[in-house]
Amino acid sequence: SRVVKGKVVTRFIPAEDFMCDPDASCPEDWLWAGRKIVADIEAVRADKSLKNTNLLAPDTEVQTSEYRMGQQGTTRSPYSLVTLYEIFERKPTGGWRMVLVDAQARAILKVVDDPYWIGCPYRVLRWNEDGREIFAQSDILPVYTEVLAERMLFSKVIDGYSRQQVDTIIYDENAAIDEEKLNAIGSPEVGKWVPCSGGASGKPIQSLFWKVPFDQKSPEVVNLLMMLERSIQQGAGLGPNQQGQAMKSETSATEASEVANFTRARGSHKFAATEEFVSGIGQDRLGLMAQFYTTAQISRLVGSAGAKVWSNLRWTKGDVQSHLQVSVVQGSMKPINDDTRFQQALTFLQFVNQDPVLRAAVNMPEILQIVFRALGFQKGSKVMLEQDPQKIAQAYAMMAAQQAQQAQQGGQRPQGRGGRPQAAPGGAASSRQALSGMPAA
């Protein structure tokens with residue numbers, strides 16, 4: 001996270017462009033960390049905050065950080081690019097120093113002491129690093145040998161079956177058959193006529209050609225592949241359903257519940273690490289806002305009332321470096337679309353209708369408006385009648401009071417003729433009258 005053109009931004013850095021202290025076992029022990037930057041040389045020269053730009057020279061080759069066809073390599077750049085390294089190093093007296101250097105000319109372009117109150121602006125997502133590698137390790141590393149063996153064996157099986165489908169035909173050299181006729185015999189066309197002669201020997205056509213039969217593949221190779229697959233699943237802790245495969249038809253509800261519990265337990269440490277990573281980014285962004293944002297900028301984000309509270313806080317460098325408390329709100333990291341909002345509102349509406357006390361404490365007209373808007377009925381639609389939201393709230397309150405009164409009396413309402421419940425005097429009729437129309441969205 002950093003400040004670019006007056007705004008706090010957070011950017012993803014590819015792993016191949018990131019570098020850090022190799023002797024450190026965790027980010028807290030870093031003596032330095034940085035990243036590689038490939039920039040246009042004219043833009044770098046035009047930056048007035050940099051020095052020694054006259055020593056820059058365009059790179060003839062640029063290391064590609066993108067994976068094309070599964071490979072990473074060096075390509076000749078048609079543009080005038082220059083490779084820079086932005087390094088944050090820890091100072092012996094405390095704090096961090098930012099140094100921008102050129103990779104080719106080894107020229108120092110910029111040096112800034114303590115540019116950010118937050119210190120080092122880099123955050124790394126990690127949950128099982130072993131001290132030798134700063135990044136999180138893959139779950140398939142324990143079974144990587146089996147994965148390679150399965151890949152090699154599977155490729156050999158595919159190659160063997162592909163070769164088997166090629167017909168091999170042996171013919172008599174003494175037969176009077178030229179190359180053109182042989183090609184006509186092997187042609188994949190349908191309904192073809194190939195003239196052929198038995199030659200001087202007068203042998204029948206069937207005795208001049210012999211098709212080599214296919215070798216039957218042993219089922220042992222398939223069994224070996226299944227054994228390797230089971231070994232990979234057990235070593236990686238991934239069941240068939242976690243790999244996108246369907247569970248067996250006789251799976252019991254208890255077994256399915258155990259699989260779900262194991263899945264949650266297996267991923268809980270990753271979820272916790274992800275939340276810690278996101279909250280760390282939030283701390284950095286909040287610290288950068290405290291250092292660089294003015295009251296006017298905060299007002300555009302949270303309004304005048306929030307900006308007034310922000311200005312009264314009077315942030316200092318010590319406030320930011322004391323680790324601001326930022327937590328991830330449950331459900332805030334999930335993408336929410338219109339269908340999800342509709343399902344949430346509908347589920348909440350059903351839940352509220354089951355409890356009359358809770359219904360009296362909820363703004364029912366607002367919930368109904370959310371549901372209707374999700375269904376596509378906007379304000380002014382002919383489907384809905386204009387109603388006063390206050391009357392709707394009063395009607396729901398009356399209905400909640402009636403249900404609470406009935407619950408206190410115990411049992412159901414007295415039945416009338418035909419088994420229909422008798423309406424409560426006054427309140428029920430008035431509530432139905434108040435709800436005779438649909439609320440406007």
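These questions and answers walk through a predicted model of one chain.

Residues are numbered from 1 along each chain as its sequence is written, and side-chain values use heavy atoms, with hydrogens and water left out. In this predicted model, local features need pLDDT of at least 70 and side-chain atom pairs count only at pLDDT 80 or more, while totals for chains, interfaces and linings use all residues.

Trainee: How many helices and strands are there in the chain?
Mentor: Both are DSSP runs, numbered from the N terminus. A helix is H or I with at least four residues, and a strand is E with at least two. By that rule the chain has twelve helices and eleven strands.

Trainee: What percentage of the residues in the chain is buried?
Mentor: Buried means under 20% relative accessible area, exposed means over 50%, and partly exposed lies in between (1.4 Å probe, protein chains only). The chain has 441 residues, and the buried share is 27%.

Trainee: What is the accessible surface of the chain?
Mentor: Areas come from the Shrake-Rupley method with a 1.4 Å probe; for residues, only the protein chains shown count as cover. Carbon and sulfur atoms own 54% of the surface. The total is about 30100 Å².

Trainee: Among contacts between residues at least 6 apart in sequence, what percentage joins residues at least 24 apart?
Mentor: Contact means heavy atoms within 4.5 Å. Take the contacts between residues at least 6 apart, then pick those that join residues at least 24 apart. Their share is 60%.

Trainee: How many salt bridges does the count come to?
Mentor: Side chains of opposite charge can pair when their charged atoms come close. The rule here asks for a side-chain nitrogen of Lys or Arg within 4 Å of a carboxyl oxygen of Asp or Glu. The count is nine.

Trainee: Which residue forms a salt bridge with lysine 91?
Mentor: Lysine 91 sits in the loop between β7 (81–90) and β8 (96–102), and its partner is 23 residues away, in the loop between β9 (108–113) and α2 (144–164). Lysine 91 is buried at 12% relative accessible area, whereas the partner is partly exposed at 27%. The closest N and O atoms are 3.0 Å apart, and the partner is aspartate 114.

Trainee: What is the phi of aspartate 114?
Mentor: Most residues other than glycine have a negative phi. Aspartate 114 lies in the loop between β9 and α2. It is not a glycine, yet its phi is positive, at about 50°.

Trainee: Which other residue has a positive phi without being glycine?
Mentor: Look in the loop between α6 (295–313) and α7 (317–321). The residue there is exposed, at 67% relative accessibility. Its phi is near 55°, and its name is arginine 314.

Trainee: Why does the pair of aspartate 113 and arginine 97 tie together separate parts of the sequence?
Mentor: The two form a salt bridge, with the closest N and O atoms 2.8 Å apart. Aspartate 113 is partly exposed at 44%, and arginine 97 is partly exposed at 24%. Aspartate 113 lies in strand β9 and arginine 97 in strand β8, so the parts they tie together are 16 residues apart in sequence.

Trainee: Which residue pairs with arginine 123 in a salt bridge?
Mentor: Arginine 123 is in the loop between β9 and α2, and its partner is in helix α5 (residues 253–292), so the pair ties together parts 161 residues apart in sequence. Arginine 123 is partly exposed at 40%, while the partner is buried at 3%. With the closest N and O atoms 2.9 Å apart, the partner is aspartate 284.

Trainee: Which residues does glutamine 283 contact, leaving aside its neighbours within four places in sequence?
Mentor: Glutamine 283 is in helix α5. It counts as buried, at 19% relative accessibility. Its contacts are Arg123, Leu324 and Val326.

Trainee: How far apart in space are glutamate 276 and arginine 126?
Mentor: Glutamate 276 also lies in helix α5. It is exposed, at 57% relative accessibility. The two residues are 150 apart in sequence, but C-alpha to C-alpha the distance is 9.6 Å.

Trainee: At what angle do helix α8 and helix α10 pack?
Mentor: Axes are lines fitted to C-alpha atoms, for helices over the stretch in contact, and angles run from 0 to 180 degrees between N-to-C directions. Helix α8 covers residues 338–353 and helix α10 covers residues 364–374. The contact includes Phe342 and Leu346 of α8 and Ile367 and Val371 of α10. The axes are 9 Å apart, and the angle is about 145°.
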